[in-house]
Amino acid sequence: MPKKILIVDDQKGVRRLLEELFKKDNWIVNTATDGREAVSKVSEFQPDIILMDMKMPNINGLEASKQILAVHQDMSIIMMTAYGEMDVIKNALEAGVKKCVTKPFDIMNLKDIVNKLAGE
Ligand SMILES: [Mg+2]
């Protein structure tokens, strides 16, 4: 069974890059443009993993992650943060986010993290 990934980022270029990257590796990909859309898509799409941007309009990545984890306690969420956001990273991990990666991310490294987390 192919695995499902939900890519959440307000930047179209990032969404497109990640969508192509994971589709090439046979993932079933869905995208959301902000935290609110991410929260509303999770129940129906049932992703194995969520790649979540931190800085987004409407609901940011941290708040969206909290709302998702309140309903789906075991959801694997990887948060994409900006360099130096140590407080954000700490809050995200405390909220149950599994991993944080700093933007700009290394694509191979990101793939590794996603595959490891999805394989657990
Ligand atoms: Mg953003």
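**A walk through the strands, helices and core**

Just past the end of helix 1, N26 takes up a positive phi of about 70°. The model is a predicted one, and helix 1 itself makes a handy place to start. This helix is 13 residues long, and its first and last C-alpha atoms sit 18 Å apart, close to the 18 Å expected at 1.5 Å a residue.

Next come the strands. Strand 4, made of residues 76-82, is mostly covered, with 5 of its 7 residues buried. Strand 3 (residues 49-53) pairs with strand 4 in the parallel sense, over 5 bridges. Within that pairing, M52 has M79 of strand 4 as its bridge partner. To get from strand 3 to strand 4, the chain passes through helix 3 (residues 61-71), and this β-α-β crossover is right-handed.

Strand 4 also pairs with strand 5 (residues 99-103), again in the parallel sense and over 5 bridges. Here M80 has V101 of strand 5 as its bridge partner. The trip from strand 4 to strand 5 goes by way of helix 4 (residues 86-95), which gives another β-α-β crossover that is right-handed.

What about the inside? In soluble globular proteins, nonpolar side chains tend to be buried together. In this model the largest nonpolar core has 28 residues, and the members that touch the most others are I5, L6, V8, A38, L51, M52 and M79. Two or more residues come from each of strand 1 (4-8), helix 1 (12-24), strand 2 (28-32), helix 2 (35-45), strand 3, helix 3 and strand 4. M52 and M79, the bridge partners met above, both turn up among those well-connected core members. A38 shows what such a spot looks like: setting aside its neighbours within four places in sequence, A38 is in contact with L6, V8, A32, M52 and A64.

A95, a residue of helix 4, makes a good second example. Is A95 buried, partly exposed or exposed? A95 counts as partly exposed because it has 16 C-beta neighbours inside 10 Å, while a buried residue would need 20 or more and an exposed one would have 12 or fewer. Even so, A95 has partners from elsewhere in the chain: leaving out neighbours within four places in sequence, A95 is in contact with L62, S65, K66 and L69. A70 is 25 residues away from A95 in sequence, yet their C-alpha atoms are 9.6 Å apart in space.

Note on methods: Residues numbered from 1 in each chain as written. Predicted model: local features only at pLDDT ≥ 70, side-chain atom pairs only at ≥ 80, totals over all residues. Helix = DSSP H or I, 4+ residues; strand = E, 2+ residues; numbered from the N terminus. Pairing = 2+ DSSP bridges. Right-handed = clockwise from strand over helix to strand, strands pointing away. Core = buried A, V, L, I, M, F, W, Y, C linked by C-beta atoms within 7 Å. Contact = placed C-beta atoms within 7 Å. Expected span 1.5 Å × (residues − 1).
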